[in-house]
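Please find below a colleague's note on the structure under review. The points are numbered for ease of reply.

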Amino acid sequence: MILLKDQDQIVVLAASGDEKAFKKLFEAFQQPVFNYIYRMLGCVQDAADATQNVFLKVYKKLQSLRNPALFSTWLFSIARNEAVSLMRKNKRKLDYLQNENNTCLDIIDNQKDPAQNVMNKEFESIFQQVLTEIPEIYRSAFILGVLEEQSYEEVAKTLGCSVGNIKSRVFRARAFINKKLDRVYAV
Amino acid sequence: MDCKKIKINISAMLDKELDEQEKQLTLSHIKICSYCRDFYEKSLHLQEVIAEKLYTPRVPNSVRTGLYRRLENQKRSFNLDDLWLWMTGNKWALRMELALVFGVAVLIGLNIRLPNFSGPADISQPPFSQNVDKYLEKSTKMLLELKNSEMDPSKLDYEKQLAKQLLVESKLVTQNLENNRTQIHRLVNELEPVLWDVANLNDPHALQIIQQTIDDRDYLLKLDFARKNIISQARAVK
């Protein structure tokens with residue numbers, strides 16, 4: 001995943017202690033990392049805390065990264081570990097509709113068309129609820145490969161498996177979502 | 001190709017992860033298989049709905065401010081986690097540390113003593129030269145008395161005893177001077193047979209020979225010179 005021009009060079013600089021370079025990487029990757037963790041956990045506050053932790057770990061361990069070209073897969077593997085760790089710690093199924101502190105729903109409320117707001121809010125809630133029911137290995141593959149639009153090869157490196165496995169996992173997640181939304185929503 | 005594999009291909013095709021050949025095979029199958037076509041249509045519709053309706057929140061500002069604050073705190077404080085991370089994260093640092101631990105263990109095992117850097121000991125005269133000087137002094141005295149003696153050899157018990165004692169001392173002095181090929185060392189070697197003769201003195205004839213030898217070889221002069229040499233060396237060290 002290349003989000004910056006001369007990304008490899010910036011990674012090398014950041015690894016050598018250049019704070020400016022590290023901040024560049026942070027600014028470029030914070031949204032994708034946050035997106036992934038948010039979809040894994042379903043809670044904005046948890047995702048914000050976890051994103052901070054991820055980049056703090058990146059800052060401490062970046063010098064151990066041998067190949068700068070693998071920065072994004074390495075970053076997302078840290079993000080995945082953080083998300084899974086938080087999931088196990090919390091041990092809760094997110095009841096998205098009852099989560100009053102979820103600012104995502106508040107953000108959707110700010111859109112201009114009220115009817116559209118309601119529909120989008122409803123879809124967002126249901127979709128996130130369905131996502132949290134998918135087993136973690138399929139969920140990670142779906143979020144990275146479909147929602148974040150990363151290549152299957154990159155996702156395979158992040159999750160430490162083959163491209164064939166990723167194909168299969170994404171398919172299973174898709175099939176599950178189709179089945180669930182077919183009952184609840186007009187998919 | 002079975003329907004399960006086709007469905008997996010459909011999923012990959014929607015993510016643009018299928019090569020052209022497989023894509024054509026999949027599309028051909030979809031045309032003739034209603035189950036796979038149904039899956040394809042539902043998956044395609046889901047893709048469109050996600051793109052249109054799914055809203056992902058922006059990263060809260062607290063992430064940036066919180067992270068930068070923690071990085072600042074990180075720079076100020078030094079904790080054991082960082083030390084451990086530095087130690088173990090750096091391969092060469094870890095190898096050096098292991099080598100250092102191994103080296104210290106070997107030194108302890110070999111019980112190697114480090115040199116004493118407290119400085120040279122305070123001496124007025126080097127120990128070996130002190131012993132040599134005493135030896136030479138006693139030798140001088142004894143040979144001088146012997147040279148001037150007119151006594152019966154049977155009455156020279158004291159001198160005989162002294163000679164025996166000096167023979168023992170000469171061994172020690174020789175050991176000290178073993179690696180030192182100085183005049184003193186040669187003199188000590190020369191005196192030994194003379195001292196042995198004195199220690200075993202039995203008849204007046206033998207005494208005359210010893211007295212003659214002391215004169216001929218200038219032992220008294222050599223002894224005096226050697227003693228003065230030692231004293232001057234001791235003063236130079238001081």
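The points below take up chain A, the nonpolar cores, the contact between the chains and one helix of chain B.

1. Status of the model. The coordinates are those of a predicted model, and the remarks that follow should be read accordingly.

2. Make-up of chain A. Chain A contains 9 helices and 0 strands. In sequence order its elements read α-α-α-α-α-α-α-α-α. The chain has 187 residues, of which 41% count as buried. Of the contacts in chain A between residues at least 6 apart in sequence, 63% link residues at least 24 apart.

3. Helix α7 of chain A. This helix covers residues 136-147 and is mostly covered, with 9 of its 12 residues buried. The buried positions are A:Tyr138, A:Arg139, A:Ser140, A:Ala141, A:Phe142, A:Ile143, A:Leu144, A:Gly145 and A:Val146. Among them is the charged residue A:Arg139. After α7(A) comes A:Glu149, with a positive phi near 55°.

4. The nonpolar cores. Which members of the largest nonpolar core touch the most other members? They are A:Ile37, A:Ala47 and A:Ala141, in a core of 56 residues. Helix α2 of chain A (residues 19-41) is the greatest contributor to this core, giving 11 residues. A second core, separate from the largest, has 22 residues, including B:Leu162, B:Ala163, B:Val173 and B:Ile230.

5. Surroundings of A:Ala47. When neighbours within four places in sequence are set aside, A:Ala47 is in contact with A:Phe34, A:Ile37, A:Tyr38 and A:Leu41.

6. Contact between the chains. Chain A contributes 39 residues to the contact and chain B contributes 26 residues. On the side of chain B that touches chain A, the elements giving two or more residues are α1 (3-14), α3 (34-53), α4 (61-76) and α5 (80-89) of chain B. That side of chain B comprises 13 nonpolar, 7 polar and 6 charged residues.

7. Helix α9 of chain B. Why should this helix, residues 183-199, span 24 Å? It has 17 residues, and the expected span follows from a rise of 1.5 Å a residue; the end C-alpha atoms lie 24 Å apart, so the two values agree. There is nevertheless a kink of about 25° at B:Glu192, shortly before the proline B:Pro193.

8. Buried positions of α9(B). The buried residues are B:Ile184, B:Val188, B:Leu191, B:Val194, B:Leu195 and B:Val198. An α-helix has 3.6 residues a turn, so residues three or four places apart point the same way. The buried positions of α9(B) may be read with that spacing in mind, for example B:Ile184, B:Val188 and B:Leu191.

Notes:
Residues are numbered from 1 along each chain as its sequence is written. Chains are lettered from A and ligands numbered from 1 in the order in which they are written. This is a predicted model: local features need pLDDT of at least 70, side-chain atom pairs count only at pLDDT 80 or more; totals for chains, interfaces and linings use all residues. Helices (H or I, at least four residues) and strands (E, at least two) are DSSP runs, numbered from the N terminus. The expected span of a helix is 1.5 Å times one less than its number of residues. The bend at a residue is the angle between axes fitted to the seven residues ending there and the seven starting there. A residue is buried if 20 or more other C-beta atoms lie within 10 Å of its own, exposed if 12 or fewer, and partly exposed in between; C-beta atoms are placed from the backbone. Two residues are in contact if their C-beta atoms, placed from the backbone, lie within 7 Å. A nonpolar core is a set of buried Ala, Val, Leu, Ile, Met, Phe, Trp, Tyr and Cys residues joined through C-beta atoms within 7 Å.
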